Amino acid sequence: MIKKAALYFVFVCLSTSLAPAWAGSGSDCVYEHSGVDVQKFKESRHVIGFEKLERNTGYMGALKGIGGFHLQLFNCVHYGATLTVLLGPNPNAETVTRTFDTLPALLFPAVEVAKVKAALKEVQLDSLYTMQHLEPLAAEMGMTDIRVQIIDTDDMSLLVFGFYGG
């Protein structure tokens with residue numbers, strides 16, 4: 001129970017701290033229009049244990065064969081989401097590749113999935129330990145930023161994938 005609470009705390013802290021500060025600028029935000037189809041995400045064959053944490057803004061669960069996740073949605077001045085995935089200790093290239101193959105279909109409309117997968121295939125594993133901004137992809141999709149990073153924390157690795165636009 002303590003481990004679950006600690007992981008939840010890590011997910012929430014990292015997901016909310018990495019979201020653009022102006023996304024939650026204090027005005028009323030309409031999270032349903034974040035750009036992520038939550039129902040499609042929830043019903044994906046890759047998702048198990050989907051649970052709503054906050055009213056239309058935060059969700060957690062697990063991705064089959066990958067690990068736990070925290071999904072944070074936002075839509076104020078801009079729209080987007082941050083997905084934090086628990087990869088476990090010392091993730092290998094296979095785990096990251098499997099995660100990159102799964103994420104686009106969960107977060108983006110079908111017409112964008114191939115573009116996102118192709119851009120993620122170009123990212124080198126060793127470069128993921130610093131934030132990578134996928135600027136050409138963001139420009140092609142009409143977004144402000146798409147970013148990905150692996151963060152090591154207490155013998156665990158978290159993959160943080162975020163995007164925003166508008």
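These legends walk through several close-up views of one predicted model. Since the model is predicted, local features need pLDDT of at least 70 and side-chain atom pairs count only at pLDDT 80 or more, while totals for chains, interfaces and linings use all residues. Residues are numbered from 1 along each chain as its sequence is written, and side-chain values use heavy atoms, with hydrogens and water left out.

**View 1. Here is the seven-stranded sheet, with its strands in the order β1-β2-β3-β4-β7-β6-β5.**
Helices (H or I, at least four residues) and strands (E, at least two) are DSSP runs, numbered from the N terminus. The sheet is open and its pairing is antiparallel; two strands pair if DSSP finds at least two bridges between them. Which strands stand at the edges? They are β1 (47–54) and β5 (132–133), and each has a single partner strand, so one side of each is left without a neighbour in the sheet. Look at β3 (residues 67–75) and β4 (residues 79–88) too: seven bridges join them in the antiparallel sense. Asn75 has Tyr79 of β4 as its bridge partner.

**View 2. Now for β6 and the two strands it pairs with, β5 and β7.**
How many bridges join β6 and β7? There are ten, antiparallel in sense, and Ile150 stands opposite Leu159 in β7. Between β5 and β6 the antiparallel pairing runs over two bridges, with His133 opposite Arg147 in β6. β6 is mostly covered, as eight of its eleven residues are buried. By the rule used here, buried means under 20% relative accessible area, exposed means over 50%, and partly exposed is in between (1.4 Å probe, protein chains only).

**View 3. This one zooms in on the loop between β6 and β7, home of Asp154 and Asp155.**
The hairpin of β6 and β7 has two residues between the strands. Asp154 has a phi near 45°, a positive value in a residue other than glycine. Asp155 also has a positive phi, near 65°. For background, most residues other than glycine have a negative phi. Are these two loop residues buried or exposed? Asp154 has a relative accessible area of 72%, so it is exposed, and Asp155, at 71%, is exposed as well.

**View 4. Helix α3 (residues 93–107) lies across strands of the sheet.**
The strands it lies across are β1, β2 (58–63), β3, β4, β6 (143–153) and β7 (156–165), and it runs at about 150° to β4. Axes are lines fitted to C-alpha atoms, for helices over the stretch in contact, and angles run from 0 to 180 degrees between N-to-C directions. The expected span of a helix is 1.5 Å times one less than its number of residues. For the 15 residues of α3 that should be 21 Å, and the end C-alpha atoms are indeed 21 Å apart. Buried residues of α3 include Thr95, Val96, Phe100 and Leu107. At the N-terminal end, Asn92 acts as a cap, with a side-chain oxygen 3.1 Å from the backbone nitrogen of Glu94. A polar contact here is a pair of N or O atoms within 3.5 Å; within protein, one must be able to donate a hydrogen and the other to accept it, and residues adjacent in sequence count only if both atoms are side-chain atoms.

**View 5. Time for the aromatic rings, where the count comes to six pairs.**
Rings of Phe, Tyr and Trp (its six-membered ring) pair if their centres lie within 6.5 Å; planes under 30 degrees apart count as stacked, over 60 as edge-to-face and the rest as tilted. Phe41 and Phe50 have ring centres 5.9 Å apart and planes at 50°, so this pair is tilted. Phe41 is buried at 0% relative accessibility, and Phe50 is buried at 19%. Phe108 and Phe163 make another tilted pair, 4.8 Å centre to centre with 45° between the planes. Phe108 sits in the loop between α3 and α4 and Phe163 in strand β7, so the pair ties together parts that are 55 residues apart in sequence. Ring pairs also link Phe41, Phe50, Tyr59 and Phe69 into a cluster.

**View 6. Last stop: Val113, in helix α4 (residues 110–121).**
Val113 counts as buried, at 14% relative accessibility. Which residues does Val113 touch, not counting residues up to four places away in sequence? They are Pro104, Ala105 and Phe108, where contact means heavy atoms within 4.5 Å.
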